[in-house]
Amino acid sequence: MSNAEGGFQRYLAAKRTVDDRALDRHVLDRLATEVERLDDEIGERPLRVLDVGAGTGATLERLAERDVLPAAVEYTLVDREAANVDAARERLPQWAADAGHDVTEVDDGLRIANDDRRIEIGFAVADAFEHVGRDTWDLLVGQAFLDLFDTRHAFDALREALAPGGCWYFPITFDGGTVLSPPVDPTLDDRIERAFHAHIDDGGDSHAGRHLLAHATETSEVLAAGGSDWVVHPRSGAYPADEGFFLRYIVDTIAGALDETDEFDPATLAGWAAARHRQIDRGELTYVAHQLDVLGRVPAER
Ligand SMILES: C[S@@+](CC[C@H](N)C(=O)[O-])C[C@H]1O[C@@H](n2cnc3c(N)ncnc32)[C@H](O)[C@@H]1O
C-alpha cells in the first residue's frame with residue numbers, strides 16, 4: 001500500500017498548520033526566555049542550534065516567525081533523507097524573501113538577514129546521532145523525532161552534545177493515542193490502533209512523550225512540558241489548508257505499516273483504508289493524536 005500521492009515532503013508541508021495549532025504556547029514562550037538567557041551568556045558569538053530530523057525546515061521557520069531566535073544564529077538542519085534536505089534548501093530562500101529577509105547563498109548554506117537578525121543556515125544529509133557530535137550546541141531541537149527511536153537512548157545520546165547550560169526542545173513527541181472518528185468497525189479500529197502502536201514500538205516508541213518526560217526528569221532539568229495533540233477536524237464538510245491530504249497520508253501510513261505484518265488480511269486492511277478515505281472525501285473524519293512538547297536544560301556544570 002503506498003502513501004497518498006504527493007509524498008513525504010507534501011505531508012510535512014501539510015502538517016505545518018496542524019502543528020501550528022497543536023504546539024504548546026507556554027512551552028514555546030519558555031523556550032524564548034531560555035534562548036534569551038543563553039544568548040546573554042554566550043556573549044558575541046552566534047547561538048548554535050542543531051535541528052535533528054529537520055525535515056524541510058518548518059521548525060526554523062516557526063522559531064524565526066515567533067521571534068524565538070536571537071540576533072545572531074547558526075542554525076543547522078540535519079536529516080538523513082537527501083530529498084528532505086533538498087526540499088528545505090529549495091523552500092527556505094523563498095520563505096525568507098517573503099518574510100522580508102535578504103537572502104545570500106554562502107558556501108554550502110544560506111545566510112538570511114533583516115535589520116534585527118542574521119541566521120546562517122547549514123544543511124546536512126546525515127544521521128543525526130553521528131552529526132550531533134561534530135560540534136557543541138547551545139540548543140537542540142527535534143520536532144516529531146524522538147518517537148522514531150528508543151526514547152531514553154536517543155535523548156541521552158543527543159543531550160551529550162549540548163554545551164553546559166544548553167537547552168533541548170522536543171515538541172510534537174508522540175505519546176500513544178490515535179483516534180479516528182467516526183468508527184468504521186469499532187473492533188477492527190481498536191485492533192488497528194493497537195497494532196499500529198506495536199509497529200511503532202518495533203524500533204521506535206509509541207509512548208515517547210511520557211518516557212522523555214520521566215527520563216529527563218531523572219537526568220536533566222525539565223523546564224516546561226505541555227500537550228500538543230494534533231486535532232484535525234472538518235469545518236462545514238471540508239478541511240483547512242492541505243489537511244485533507246495530511247489525513248490521507250496518515251491513513252495510508254497506518255495501513256501501509258500494518259500491511260507489512262501478517263496480522264491483518266490485506267483485503268480487510270484495504271477496505272478499512274478505503275472507508276477512511278471516503279470519510280475524508282465526505283468531510284466526516286476527525287483525527288486526534290496525543291503528543292507532548294518537552295523543554296529542558298542540561299546542568300551548567302557537568
Ligand atoms: C516525522 S519527520 C519530522 C520532520 C520535521 N521535524 C517536522 O516536524 O516537520 C521525522 C524526520 O526525521 C528524519 N530522520 C529519521 N531518522 C533520522 C536520523 N537517524 N537522523 C536524521 N534524521 C532522521 C526523517 O527523515 C524525517 O524527516
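Let me start with the ligand. Of the 18 residues around the ligand, those that come nearest are Gly 53, Gly 55, Arg 80, Ala 128 and Gln 143. Three elements give two or more residues to this shell: helix H3, residues 58–65, strand S2, residues 72–79, and helix H5, residues 128–131. By character, the shell divides into nine nonpolar, five polar and four charged residues. Please keep in mind throughout that this is a predicted model.

Let me now step back to the chain as a whole. The chain has ten helices and ten strands. Its C-alpha trace spans about 60 × 45 × 30 Å along the principal axes. What radius of gyration would a compact globule with 302 residues have? The expected value is near 19 Å, and the chain has 20 Å, which agrees. Buried residues account for 42% of the 302 residues. As for the contacts in the chain between residues at least 6 apart in sequence, 82% of them join residues at least 24 apart.

That brings me to the interior. The largest nonpolar core has 84 residues, and those with the most contacts inside it are Val 52, Leu 139, Leu 140 and Leu 247. Consider Leu 139 in particular. Setting aside residues up to four places away in sequence, Leu 139 touches Val 35, Leu 38, Leu 47 and Val 49, and also Gly 166, Cys 167 and Tyr 169.

Next, some points of backbone geometry. As a general matter, most residues other than glycine have a negative phi, and most peptide bonds are trans. Where does this chain depart from that pattern? One place is the peptide bond from Ser 181 to Pro 182, which is cis, with omega near 5 degrees. Pro 182 sits in the loop between strand S7, residues 162–181, and helix H7.

Two alanines also deserve attention. Ala 144 is not a glycine, yet it has a positive phi of about 55 degrees. Ala 241, likewise a residue other than glycine, has a positive phi near 45 degrees. Both are loop residues: Ala 144 is found between strand S6, residues 137–141, and helix H6, residues 151–159, while Ala 241 is found between strand S9, residues 230–232, and helix H9, residues 243–259. Are these two alanines buried or exposed? Ala 144 counts as buried because it has 22 C-beta neighbours inside 10 Å. Ala 241 has 14 other C-beta atoms within 10 Å and is therefore partly exposed.

Helix H7 itself offers a simple check on geometry. At 1.5 Å a residue, the 16 residues of H7, numbered 186–201, should span 22 Å; the end C-alpha atoms are 23 Å apart, which agrees. H7 is followed by Gly 203, whose phi is positive, near 110 degrees.

I shall now turn to individual residues within helices. Arg 276 has its place in helix H10, residues 266–281. Why does this arginine count as buried? It is buried because 24 other C-beta atoms lie within 10 Å, and the threshold is 20 or more. Leaving aside neighbours within four places in sequence, Arg 276 is in contact with Leu 180, Val 184, Val 251 and Leu 285. Of these, Val 184 is 92 residues away from Arg 276 in sequence, but the two are 7.4 Å apart in space, C-alpha to C-alpha.

Ala 154 lies in helix H6. It counts as buried, with 23 C-beta neighbours inside 10 Å. Beyond four places in sequence, Ala 154 touches Leu 146 and Phe 149. The C-alpha atoms of Ala 154 and Leu 212, which are 58 residues apart along the chain, are separated by 9.7 Å.

Asp 86, in helix H4, residues 82–98, has 15 C-beta neighbours inside 10 Å and so counts as partly exposed. A separation of 28 Å lies between the C-alpha atoms of Asp 86 and Val 294, 208 residues apart along the chain.

My final residue is in a strand. Gly 122 lies in strand S5, residues 118–125. With 19 C-beta neighbours inside 10 Å, Gly 122 counts as partly exposed. Which residues does Gly 122 touch, not counting those up to four places away in sequence? They are Glu 74, Thr 76 and Gly 109. Gly 122 and Leu 162, 40 residues apart in sequence, are 18 Å apart in space, C-alpha to C-alpha.

Definitions and conventions:
Residues are numbered from 1 along each chain as its sequence is written. This is a predicted model: local features need pLDDT of at least 70, side-chain atom pairs count only at pLDDT 80 or more; totals for chains, interfaces and linings use all residues. A residue is near a molecule or strand if its C-beta atom, placed from the backbone, lies within 6 Å of it. Helices (H or I, at least four residues) and strands (E, at least two) are DSSP runs, numbered from the N terminus. Ala, Val, Leu, Ile, Met, Phe, Trp, Tyr, Cys and Pro count as nonpolar, Asp, Glu, Lys and Arg as charged, and the others, Gly among them, as polar. A nonpolar core is a set of buried Ala, Val, Leu, Ile, Met, Phe, Trp, Tyr and Cys residues joined through C-beta atoms within 7 Å. A residue is buried if 20 or more other C-beta atoms lie within 10 Å of its own, exposed if 12 or fewer, and partly exposed in between; C-beta atoms are placed from the backbone. Two residues are in contact if their C-beta atoms, placed from the backbone, lie within 7 Å. The radius of gyration is taken over C-alpha atoms; the globule rule is 2.2 Å times the number of residues to the power 0.38. The expected span of a helix is 1.5 Å times one less than its number of residues.
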